[in-house]
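Hi everyone, thanks for coming. I'd like to walk you through a structure that is new to most of us, so please have a look at the screen.

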Amino acid sequence: MPSKHSGPQSVSVELSRTPPPRERADAARNRAAILTAAAGLFAEHGVEAVSMDAIATAAGVGKGTLFRRFGDKAGLAVALLDARESELQERVLSGPPPLGPGAEPRERLRAFVAAYLDYLLAHLDLIRVSETASPGARYRIGAYRFWHRHLELLHTEAGTGDPGYAAHALLAQLGAEHVAGILPEIGEERLRAGALRSAA
């Protein structure tokens, strides 16, 4: 049974999503070939070790096609993450509580942190590349606006004094560069416990 925490919040967050662009059939085939090749090479060799030349060769496309479509490795990382981000966004918007609508805001905040950490730790290298391609890159990614709006609305419902700032502060702890830097020192268990305490 939907609670007072469902309708308007889901609609508002939905508006922050970026619709996928339409593309021609040949462009879609090239895109699929490039993403398949990149995913395979990244999984085998690691993101940093793979060159754009190697991806173009493996995909059977020219370098010009690759660079025009994705720009750089960060653009490829964003594209590879798109489906994974969309799945998490759908769970936030319409999945079961506590991640989805129907739970109290503080409970949903903790559920988001736990789910986002699952996603982040599973794809840490890709997310790190997408967020650090240039100064401030993380904050220009559509997914960041979605996560921020979701957390801002939950903080508003929870009565936080400055919901917008609180959302940024929580997301700062979940930045890929930050997590990659401290994870070897503190370990995953302490990382998760600390982030969940921040969402309490």
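Before anything else, one term: when I say that two residues meet or are in contact, I mean that they have heavy atoms within 4.5 Å. And please keep in mind that this is a predicted model.

Okay, the overall picture. What does the secondary structure come to? There are 11 helices and zero strands. So if you walk along from the N terminus, you just read α-α-α-α-α-α-α-α-α-α-α. The protein has 200 residues, and 44% of them are buried. It exposes about 10,400 Å², with carbon and sulfur atoms supplying 55% of that area. And if you take the contacts between residues at least 6 apart in sequence, 67% of them join residues at least 24 apart.

Let's start with helix H6, residues 105–122, and its partner H9, which covers residues 142–158. Their axes come within 8 Å and cross at roughly 155°. Are they roughly parallel or roughly antiparallel? Anything over 145 degrees counts as roughly antiparallel, so that's what H6 and H9 are. The crossing itself is left-handed.

Who's touching whom here? On the H6 side you have Pro105, Arg106, Arg108, Leu109, Phe112 and Tyr116, and they meet Trp147, His150, Leu151, Leu154, His155, Glu157 and Ala158 on H9. Sort that contact by class and you get eight nonpolar residues, two polar and three charged.

H6 also has a contact with H11, residues 176–198. These two axes come within 12 Å and cross at roughly 140°. That angle makes H6 oblique to H11. This is a left-handed crossing too. From H6, the contact uses Arg110, Val113, Ala114, Leu117, Asp118, Leu120 and Leu121; from H11, it uses Ala176, Val179, Leu183, Glu188, Leu191, Arg192, Ala195 and Leu196. By class, that gives 11 nonpolar, no polar and four charged residues.

While we're on H6, have a look at Ala115, which sits in that helix. Buried or exposed? Buried, because its relative accessible area is 9% and the cut-off for buried is under 20%. Leaving out neighbours within four places in sequence, Ala115 is in contact with Leu88, Arg91 and Leu99. Its C-alpha is also 9.5 Å from that of Val92, with the two positions 23 residues apart along the chain.

Now go just before H6, to the loop between H5, residues 73–94, and H6. Pro98 is in that loop, and the peptide bond from Pro97 to Pro98 is cis, with omega near 10°. Worth clicking on if you have the model open.

Next up is H7, residues 124–131, which also packs with H11. The axes come within 8 Å and cross at roughly 130°, so we call H7 and H11 oblique to each other. Leu124, Ile127, Arg128 and Glu131 of H7 meet Ala176, Glu177, Val179, Ala180 and Leu183 of H11. Six of the residues in this contact are nonpolar, none are polar, and three are charged.

One of those H7 residues deserves a second look: Glu131. With 10% relative accessibility, Glu131 counts as buried. What does Glu131 touch, leaving aside neighbours within four places? The list is Tyr116, Ala137, Arg138, Ile141, Gly175, Ala176 and Glu177.

Finally, let's jump back towards the start of the chain. Ala38 is in H2, residues 25–45. Ala38 has a relative accessible area of 0%, so Ala38 is buried. Not counting residues up to four places away, Ala38 touches Ile55, Leu76 and Leu80. Take Leu76: it is 38 residues from Ala38 along the chain, yet their C-alpha atoms are separated by 7.7 Å.

For contrast, try Ala54 in H3, residues 52–59. Ala54 counts as partly exposed, because its relative accessibility is 30%. The C-alpha of Ala54 is 9.0 Å from that of Ala37, which is 17 residues away along the chain.

If you take one thing back to your desk, take the helices: 11 of them, and zero strands. Happy to go back to any of these spots on the screen.

Terms used:
Residues numbered from 1 in each chain as written. Predicted model: local features only at pLDDT ≥ 70, side-chain atom pairs only at ≥ 80, totals over all residues. Heavy atoms only, no water. Helix = DSSP H or I, 4+ residues; strand = E, 2+ residues; numbered from the N terminus. Buried < 20%, exposed > 50% of the residue type's maximum accessible area, 1.4 Å probe, protein only. Areas by Shrake-Rupley, 256 points an atom, 1.4 Å probe, with all protein chains shown as cover. Axes fitted to C-alpha atoms, helices over the stretch in contact; angles between N-to-C directions. Parallel < 35°, antiparallel > 145°, perpendicular 65-115°, else oblique. Left-handed = near helix turned anticlockwise from the far one by under 90°. Nonpolar A, V, L, I, M, F, W, Y, C, P; charged D, E, K, R; others polar.
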